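Student: I'd like a close look at one part of this protein, and then a walk outwards from there. Could you take me through it slowly?

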Amino acid sequence: EAVGLYNLGQSCCLNSLLQVFLMNICFTRILRRITVPSSPAQRRSSVPYQMLLLLEKMQCGKCKAVEPTDLACCLSEHRVKLFVQHDAAQLFLTLWNLLKKQMKKPELVEELSDLYTICIQEHLACQKCSFEIKSNSTMLTLPLPVLDANSHRLRTLEDSLQYFFHPEELTGQNMCFCQQCGRKTTFLQSMKLVHLPQTLTLHLKRFGFERSSRTHKLSQSLPFPQELDLREVLTESQCLAEDSEKATWQYELFAVVAHSGSTSFGHYCAYIHSLTEHKWYCFNDSEVCQVSWDDVKCTYGHSNLCWRETAYLLFYMKKHPQ
């Protein structure tokens, strides 16, 4: 059964992300094969090991919720602050880096990377000559805008994906130095998709900065589908992957981490599709209940209802894993 996690004091963000990790069967298969640290001190400070203990505690089936105290204390040893508000995208990256750093077996590190890592090629082309710069990089999440450059609302998640990969002209203060021209010139910047992982994480950029340098929340509606086929969303010029890889770019929504409230006072919960029961659940700290797809759609967002739950992180899984 789905088991909740008690809130230790502003730990809703951590709880939501832990549920997303531990409900992912592909991730727990890796977690169960870690090397158990030899000494008690090493075990206390090992994030993968403490996460494994928490998973086993949750799977005992004796309680409706358990306390992630030992894991939280372990994280605090690695400078993850407790009893403070976290940004889910930043905390997700922090947890991922700690897991990857502390998994001793190289094959597990590689499997973890294959499970979550996105590969992108950045392409810069001088508009005055033929000078080009190409560089590949990896990222854990795709940061997708909710608004375009003119502050107009993007209608759907598919529109947001296309906008992210749309070429941008770098002019004015954004001009780059061209080695061939010997001066700053206008460049065309484009991003091309090279590789997609088994679990694709999309970060909806809902927190922006105002002129006063204060953050504000963008609650505009951005509908997202249950099934996402990247082959239909992106054009040929927006990806460099081979046809054999593109054939596997069909995804199904696995989880949504939603935020309610404002930037200064908020709450996180997770909506997760059980891979074994094929049902949607809402994980709200210690409270877990079965929900419908209509309940999940309520996290699309609404500009006039800023305090309502709004999707912040989307996790998609490949429909036909190898």
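Student: Which residue of strand 4 does I118 stand opposite?

Tutor: Happy to, and keep in mind that this is a predicted model. The residue opposite I118 is M139 in strand 4. Let's start from that pair and look at the strand around I118.

Strand 3 covers residues 118-126 and is mostly covered, with eight of its nine residues buried. Strand 4 takes in residues 132-139, and the two strands pair in the antiparallel sense over eight bridges. To get from strand 3 to strand 4, the chain makes a hairpin through five residues. Strand 3 has another partner too: strand 9, residues 187-195, pairs with strand 3 in the antiparallel sense, again over eight bridges. There, C119 stands opposite H195.

Now step back along the chain to helix 7, residues 106-116, where you'll find Y116. Y116 has a relative accessibility of 1% and counts as buried. Its ring belongs to one of the 13 aromatic pairs in the whole structure. The partner is F92: the ring centres are 6.2 Å apart and the planes sit at 75°, so the pair is edge-to-face. That label fits because an angle over 60 degrees counts as edge-to-face. F92 lies in helix 6 while Y116 lies in helix 7, so their pair ties together parts that are 24 residues apart in sequence. F92 is buried as well, at 2% relative accessible area. Both rings also belong to a cluster linked by ring pairs, made up of F21, F27, F92, W96, Y116 and F315.

Follow F21 from that cluster and you land in helix 1, where F21 is one of the buried residues. Helix 1 spans residues 12-22, and 11 of its 11 residues are buried. Among them are C12, L14, S16 and V20.

Helix 6, the home of F92, leads us somewhere else: the second largest pocket. Helix 6 (88-102) supplies at least two residues of its lining, and so does each of strand 10 (199-205), strand 11 (207-209) and strand 12 (215-217). The second largest pocket has a volume of about 650 Å³. Of its 26 lining residues, D87, H203, F207, G208 and Y312 are the closest to the centre. By class, the lining has 11 nonpolar, 11 polar and four charged residues. Domain 1 (1-117) and domain 2 (142-165 + 198-321) each give at least three residues to that lining.

One last stop is strand 16, residues 280-284. Four of its five residues are buried, so strand 16 is largely enclosed by the rest of the structure. Strand 16 has a neighbour in strand 15 (residues 266-273), joined to it by four bridges and running antiparallel. Five bridges join strand 16 to strand 17 (residues 287-291), and these two run antiparallel as well. F283 is a handy residue to look for: A270 stands opposite F283 in strand 16, and in strand 17 the bridge partner of F283 is V288. Check the turns, too. The hairpin of strand 15 and strand 16 has six residues between the strands, and in it H278 takes a positive phi near 55°. In the hairpin of strand 16 and strand 17, which has two residues between the strands, D285 takes a positive phi near 55°.

Notes: Residues are numbered from 1 along each chain as its sequence is written. This is a predicted model: local features need pLDDT of at least 70, side-chain atom pairs count only at pLDDT 80 or more; totals for chains, interfaces and linings use all residues. Side-chain values use heavy atoms; hydrogens and water are left out. On a 1 Å grid over the protein atoms alone, a cavity is a set of points where a 1.4 Å probe fits but cannot get out, and a pocket is an open set with protein on both sides within 12 Å along at least five of seven lines; lining residues have an atom within 4 Å of a point. Grid points are joined across faces, edges and corners, and a volume is the space filled by probe spheres set on the points. Ala, Val, Leu, Ile, Met, Phe, Trp, Tyr, Cys and Pro count as nonpolar, Asp, Glu, Lys and Arg as charged, and the others, Gly among them, as polar. Domain bounds come from an automatic or database domain assignment. Buried means under 20% relative accessible area, exposed over 50%, partly exposed in between (1.4 Å probe, protein chains only). Two strands pair if DSSP finds at least two bridges between them. Rings of Phe, Tyr and Trp (its six-membered ring) pair if their centres lie within 6.5 Å; planes under 30 degrees apart count as stacked, over 60 as edge-to-face and the rest as tilted.
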